[in-house]
Amino acid sequence: MDKILGFAYINKNATTCSGALNPNEFIGQTCAVMEFGVDDCVLVLNPQGTALASFDKEDVQRSFKCGYSLGIVTPPDLDILNQMLYVTKAEQRKGGYNNLVRNMVIAASLSKGEFSDSFLWQKQ
């Protein structure tokens, strides 16, 4: 798998899908973004990780940029050392970091339109 650069929620009424045999695998789904275009279009991976498609900006309801390493969503634009430090910190947090936590970070970030994990580091 190539590098994940963010996540995007594709509109339920999307019409600009290109490159996919079955656009329904993407429509109304949160998908990993493999490439952000200069005009805010996206190249996305379906949730199953089996197909790629591109969508114009009018079909992207929400998106955010981030990093992704070892199943952990990280802040965007970290160099490899800082990304590994973040991954280690996330794995060692009280409660750990699992699929549910990852999905919560993605949902919070999509709602704000930017990477957001502040709830992970609140006092417990």
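A residue is taken as buried under 20% relative accessible area, as exposed over 50%, and as partly exposed in between. On this scale Tyr-68, at 27% relative accessibility, counts as partly exposed. The structure discussed here is a predicted model, and Tyr-68 is a handy way into its aromatic contacts.

Five aromatic pairs are found in the model. In one of them, the ring centres of Phe-7 and Phe-64 are 5.9 Å apart and the planes meet at 25 degrees, so this pair is classed as stacked. Phe-7 belongs to strand S1 and Phe-64 to strand S5 (residues 60-65), so the stacking ties together parts of the chain that are 57 residues apart in sequence. Both Phe-7 and Phe-64 are buried. Phe-7 also pairs with Tyr-68: here the centres are 6.2 Å apart and the planes stand at 65 degrees, so the arrangement is edge-to-face. Since Tyr-68 lies in strand S6 (residues 67-69) and Phe-7 in strand S1, this second pair ties together parts that are 61 residues apart in sequence. The accessibility of Phe-7 is 7%, so Phe-7 falls in the buried class. Taken together, ring pairs join Phe-7, Phe-64 and Tyr-68 into a cluster.

Leu-5 offers another view of this part of the chain. It is found in the segment before strand S1 (6-10) and, with 29% relative accessibility, is partly exposed. Setting aside residues up to four places away in sequence, Leu-5 touches Val-33, Met-34, Glu-35, Phe-36, Phe-64, Lys-65 and Cys-66. The C-alpha atoms of Leu-5 and Ala-32 are 7.6 Å apart, although 27 residues separate the two along the chain.

Two of the residues touched by Leu-5, Phe-36 and Lys-65, also meet each other through a charge and a ring. The charged end of Lys-65 sits over the ring of Phe-36, at 5.3 Å from its centre. A similar arrangement involves Lys-89, whose charged end sits over the ring of Trp-121, 4.4 Å from the ring centre.

Turning to the cysteines, the count of disulfides is zero. For Cys-17, the nearest cysteine sulfur is that of Cys-31, 9.5 Å away, and Cys-17 is in no disulfide. Cys-17 is partly exposed, because its relative accessibility is 22%. Cys-66 is likewise in no disulfide, and its nearest cysteine sulfur, again that of Cys-31, is 13 Å away. With a relative accessible area of 5%, Cys-66 is buried.

Technical notes:
Residues numbered from 1 in each chain as written. Predicted model: local features only at pLDDT ≥ 70, side-chain atom pairs only at ≥ 80, totals over all residues. Heavy atoms only, no water. Disulfide = S-S within 2.5 Å. Buried < 20%, exposed > 50% of the residue type's maximum accessible area, 1.4 Å probe, protein only. Helix = DSSP H or I, 4+ residues; strand = E, 2+ residues; numbered from the N terminus. Contact = heavy atoms within 4.5 Å. Phe/Tyr/Trp six-rings, centres within 6.5 Å; stacked < 30°, edge-to-face > 60°. Lys NZ or Arg CZ within 6 Å of the ring centre and 35° of its normal.
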